[in-house]
Amino acid sequence: MLFAVLARKAYARNLQYRGAHLLHNVVSAAFGFIYISIWTGLGGDTSLGDYGQKGIVSYIAFNQAILWITLFTTNGLGLEQSVRSGHIAVDLMRPVHLFYQAMSREWGQVAYQILYKFLPIYILYFFIFSLKLPNQASVYGWTAIALVLAAYISICTNYLIGVAALWTTESKWFYWVNYALSMLLSGFFIPLEWLPGWLRTLSFWSPYPYLLYYPTRIYMQLEQGTVVLGAFLWCVGFTCVCLAVTHRVRTKLEVQGG
């Protein structure tokens with residue numbers, strides 16, 4: 001019940017900024033058009049591997065749309081600001097686990113971004129670029145599972161970034177390092193199989209491909225849905241780390257301000 005209340009309140013809060021978020025959608029769609037134009041130009045001279053010119057357009061379009069679900073998570077889940085304001089002390093005093101609180105609020109944000117960012121952007125691309133939809137119902141199911149797991153991995157990562165503020169008071173730089181790595185190693189800029197060998201190996205040993213690369217390839221029917229098992233294992237690992245770190249947080253609290 002608490003999960004639903006926190007998620008619903010986060011969703012309702014975002015509804016107040018729909019006008020501003022519409023501008024975000026326009027800018028995000030514009031960036032997608034730029035990336036598609038670049039790869040379309042490159043496709044005139046190369047085969048673009050298994051994707052082909054039409055396939056790479058679908059790859060970029062879906063990648064750009066799901067960014068709002070899997071990558072554009074709240075910086076540190078707002079915990080850094082909570083530390084600076086001193087509100088973190090109140091959060092820790094509540095009879096609800098800190099990770100559960102932060103995660104529940106963020107799922108409300110994710111639900112909002114699915115309806116007001118992911119869907120509008122992808123529908124726009126669908127009509128402009130005449131994208132093909134999967135013809136098997138199971139593909140939609142596996143894609144949905146992959147996106148949920150990807151969102152959870154991103155939530156856990158940002159929770160750890162936010163909690164780090166209890167030791168550093170400034171964890172924003174962790175967010176930008178994670179953002180840079182995710183852009184490169186998640187397959188956003190370039191499909192991972194085209195990366196240099198050492199970088200490709202590093203990427204596949206990280207959780208980042210499960211944020212964009214694998215969900216997109218599942219949707220394009222280039223990958224079996226069972227690949228989400230890897231994402232599930234990462235989710236289990238991240239959950240254990242988040243719980244352990246939160247336990248440690250309760251024994252060390254330095255409030256800045258408040």
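# A walk through the predicted helices

Ile 66 is found in helix α3, and in this predicted model the residue counts as buried, because its relative accessibility is 0%. Along the chain, Ile 66 and Tyr 122 are 56 residues apart, yet their C-alpha atoms are separated by 8.5 Å. Helix α3 also holds Ala 61, which again counts as buried, since its relative accessibility is 0%. For Ala 61 the partner to look at is Ile 36, which is 25 residues away in sequence and 7.7 Å away in space, taken from C-alpha to C-alpha. When the structure is displayed, these two pairs, Ile 66 with Tyr 122 and Ala 61 with Ile 36, can serve as reference points for helix α3, in which both Ile 66 and Ala 61 are found.

Helix α3 leads on to the largest pocket, whose volume is about 320 Å³. The elements that give two or more residues to the lining of this pocket are α3 (52-70), α6 (98-129) and α7 (137-163). In total, 18 residues line the largest pocket, and those that lie nearest its centre are Phe 62, Phe 118, Leu 119, Thr 143 and Leu 147. Helix α6 supplies the largest share of the lining, with eight residues. What is the chemical character of the lining, sorted by class into nonpolar, polar and charged residues? The lining of the largest pocket has 17 nonpolar residues and one polar residue, while no charged residues take part in it.

Helix α7, one of the elements named for the pocket lining, is also the place of Ala 150. This alanine is buried, because its relative accessible area is 0% and a residue counts as buried when that value is under 20%. Ala 150 and Ser 138 are twelve residues apart in sequence, and the distance between them in space, C-alpha to C-alpha, is 18 Å. In the loop between α6 and α7 lies Ser 130, whose phi is near 50°, a positive value in a residue other than glycine.

Further along the chain, Leu 166 is found in helix α8 (residues 165-168). Leu 166 is buried, with a relative accessible area of 2%. Between the C-alpha atoms of Leu 166 and Val 83 the separation is 6.7 Å, although the two residues are 83 residues apart along the chain.

The charged contacts can be followed from Arg 217. How many salt bridges does a search of the whole structure find? The search finds two salt bridges. In one of them, the side chain of Arg 217 meets that of Glu 193, with an N to O distance of 3.5 Å. Arg 217 lies in helix α11 (residues 213-219), whereas Glu 193 lies in the loop between α9 (172-185) and α10 (197-204), so this pair ties together parts that are 24 residues apart in sequence. The side chain of Arg 217 also meets that of Glu 223 in a salt bridge, here with an N to O distance of 2.8 Å. Glu 193, Arg 217 and Glu 223 are therefore linked in a network of salt bridges. As for accessibility, Arg 217 counts as buried at 9%, while Glu 193 is partly exposed, with a relative accessible area of 28%, and Glu 223 is partly exposed, with a relative accessible area of 27%.

In the loop between α11 and α12 (228-249) lies Gln 221, a residue that is not a glycine and nevertheless has a positive phi of about 60°. Gln 221 counts as partly exposed, because its relative accessibility is 37%.

The path ends at the surface, where a nonpolar patch of about 740 Å² is made by Leu 22, Leu 23, Val 26, Val 27, Phe 31, Ile 34, Ile 38 and Leu 42. Leu 42 has its place in helix α2 (residues 18-43). Why can Leu 42 be called partly exposed? Its relative accessible area is 42%, and partly exposed residues are those that fall between the limits of under 20% for buried and over 50% for exposed. The value of 42% for Leu 42 also meets the requirement of over 30% relative accessible area for residues that make up a patch.

Terms used
Residues numbered from 1 in each chain as written. Predicted model: local features only at pLDDT ≥ 70, side-chain atom pairs only at ≥ 80, totals over all residues. Heavy atoms only, no water. Patch = residues over 30% accessible without salt bridge, like charges linked within 9 Å, V, L, I, M, F, W, Y side chains within 5 Å. Areas by Shrake-Rupley, 256 points an atom, 1.4 Å probe, with all protein chains shown as cover. Salt bridge = Lys/Arg side-chain N within 4 Å of Asp/Glu carboxyl O. Helix = DSSP H or I, 4+ residues; strand = E, 2+ residues; numbered from the N terminus. Buried < 20%, exposed > 50% of the residue type's maximum accessible area, 1.4 Å probe, protein only. 1 Å grid on protein atoms, 1.4 Å probe; cavity = no way out; pocket = protein on both sides within 12 Å on 5 of 7 lines; lining within 4 Å. Points joined across faces, edges and corners; volume = space filled by probe spheres on them. Nonpolar A, V, L, I, M, F, W, Y, C, P; charged D, E, K, R; others polar.
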